[in-house]
Amino acid sequence: MQKSERHGDIQLRNRVTGNCQRTESSPQIKHRTAVQRSKSSPSTSSPESAIKVHPRPSDKLNPKTINPFGEQSRAPSAFAAVYSKGGIPCRLDHGSVRHRLRWECAPGKLPFDPLLITLAEGLRETKHPYTFVSKEGFRELLLVEGAREKAVPLLPRLIPVLKAALAHSDDDVFERGLNALGQLSVVVGPSLNDHLKHLLTSLSKRLRDKKFKEPITSALQKLEQHGGAGSLVIIKAKIPTYCSICS
């Protein structure tokens with residue numbers, strides 16, 4: 001009888017002890033699980049997550065990070081490329097008073113094709129020394145003996161290039177194109193009349209700007225003077241407000 005009572009007491013203690021161990025271990029497990037989760041998932045408010053990634057200086061040298069449309073990646077213009085390779089037989093001579101061109105040989109000995117067209121393309125340049133070389137080279141080439149015979153056959157290819165300069169949004173480019181048109185008119189005369197209609201549209205638009213009214217009027221007068229009566233008809237058709245030098 002005593003043995004059975006003792007055995008019952010032992011079983012009762014074991015049950016109570018087991019229940020206590022289970023009730024104590026359950027919160028501990030939950031706590032450990034929460035700690036492990038907090039360690040595995042980074043806090044959104046931690047300093048490391050707030051750090052922003054900035055481009056490194058070395059990224060500028062990495063082709064994968066270079067913007068292909070950036071200014072530093074732009075290829076040189078056609079005129080600049082030809083000039084740098086020695087395709088223009090003249091160089092800028094920095095004089096003490098003013099700049100001038102130094103030709104490799106006399107301009108009269110040079111073929112106009114394609115040199116005159118290349119210089120005309122350079123009128124759209126906006127950087128030195130290309131701006132000076134193109135406008136001065138174009139002017140000096142047209143001053144050589146026999147320039148008319150060399151320039152007239154090139155008009156079909158030359159006019160679109162001049163038209164692009166006259167339609168350019170840059171004011172300096174437009175002025176260089178306007179001066180080149182006047183210089184060409186002096187040399188080729190009435191041969192330019194067949195191409196005038198392609199050039200006068202840009203002049204008509206620029207006439208709305210007061211600062212260009214005088215130089216454009218002067219250029220139109222030069223076109224009429226060297227193009228004859230035929231040029232006046234074309235000019236009046238495109239620019240009705242133009243007043244003839246003969247009136």
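A residue is called buried when its relative accessible area is under 20%, exposed when that area is over 50%, and partly exposed in between. In the predicted model described here, Phe132 has a relative accessible area of 15% and is therefore buried, since this value falls under the 20% cut-off. Phe132 is found in helix H5, and, when residues up to four places away in sequence are not counted, Phe132 touches Leu92, His99, Arg100, Leu101 and Gly137. One of these partners, Leu101, lies 31 residues from Phe132 in sequence, while the C-alpha atoms of the two residues are 8.9 Å apart in space.

The chain as a whole contains 11 helices and 2 strands, and its elements, read along the sequence, follow the pattern α-α-α-β-β-α-α-α-α-α-α-α-α. Of the 247 residues in the chain, 33% are buried. Among the contacts with a separation of 6 or more, 65% are made by residues that stand 24 or more positions apart.

The two strands, E1 (residues 90-93) and E2, run antiparallel and are joined by 4 bridges. Within this pairing, Arg91 stands opposite Arg102 of E2. In a regular strand the side chains alternate between the two faces of the sheet. Strand E2 (residues 100-103) shows such an alternation, in that Leu101 and Trp103 point to one face and are buried, whereas Arg100 and Arg102 point to the other face and are not buried. Leu101 and Arg100, which belong to opposite faces of E2, both appear among the residues touched by Phe132.

Helix H4 follows in the description. In H4, 7 of the 10 residues are buried, so this helix is largely enclosed by the rest of the structure. The buried residues of H4 are Phe112, Leu115, Leu116, Ile117, Thr118, Leu119 and Ala120, and they pack against helix H3 (78-84), strand E2, helix H5, helix H6 (147-151) and helix H7 (155-166). Thr118, which is found in H4 (residues 112-121), may serve as an example: Thr118 counts as buried because its relative accessible area of 14% is under 20%. Apart from residues up to four places away in sequence, Thr118 touches Phe79, Val82 and Ile88.

Two cis peptide bonds can be described in this part of the chain. One joins Asp113 and Pro114, with omega at about 10 degrees, and Pro114 has its place in helix H4. Another joins His128 and Pro129, with omega at about 5 degrees; Pro129, in contrast to Pro114, is placed in the loop between H4 and helix H5 (130-141).

Further along the chain, helix H9 offers a contrast between a buried and an exposed residue. Ser202, located in H9, has a relative accessibility of 12% and is buried because this value is under 20%. When neighbours within four places in sequence are left aside, Ser202 is in contact with Lys163, Leu166 and Ala167. Lys205 also has its place in helix H9 (residues 197-206), yet Lys205 counts as exposed, because its relative accessibility of 54% is over 50%. The C-alpha atom of Lys205 is separated by 9.7 Å from that of Ile239, a residue 34 positions away along the chain.

Ile239 is also one of the residues that line the second largest pocket, together with Ser204, Leu207, Lys213, Thr217, Leu220, Pro240, Thr241, Tyr242 and Cys243. This pocket has a volume of about 180 Å³. Helix H10 (residues 210-227) gives the most to the lining, with 3 residues, and the lining residues divide into 6 nonpolar, 3 polar and 1 charged.

Cys243, which belongs to the pocket lining, is exposed, because its relative accessibility of 56% is over 50%. Cys105, by comparison, has a relative accessible area of 32% and is partly exposed, since this value lies between 20% and 50%. A disulfide is a covalent bond between the sulfur atoms of two cysteines. A search of the whole structure finds 0 disulfides.

Note on methods: Residues are numbered from 1 along each chain as its sequence is written. This is a predicted model: local features need pLDDT of at least 70, side-chain atom pairs count only at pLDDT 80 or more; totals for chains, interfaces and linings use all residues. Side-chain values use heavy atoms; hydrogens and water are left out. Buried means under 20% relative accessible area, exposed over 50%, partly exposed in between (1.4 Å probe, protein chains only). On a 1 Å grid over the protein atoms alone, a cavity is a set of points where a 1.4 Å probe fits but cannot get out, and a pocket is an open set with protein on both sides within 12 Å along at least five of seven lines; lining residues have an atom within 4 Å of a point. Grid points are joined across faces, edges and corners, and a volume is the space filled by probe spheres set on the points. Ala, Val, Leu, Ile, Met, Phe, Trp, Tyr, Cys and Pro count as nonpolar, Asp, Glu, Lys and Arg as charged, and the others, Gly among them, as polar. A disulfide is a pair of cysteine sulfur atoms within 2.5 Å. Two strands pair if DSSP finds at least two bridges between them. Contact means heavy atoms within 4.5 Å.
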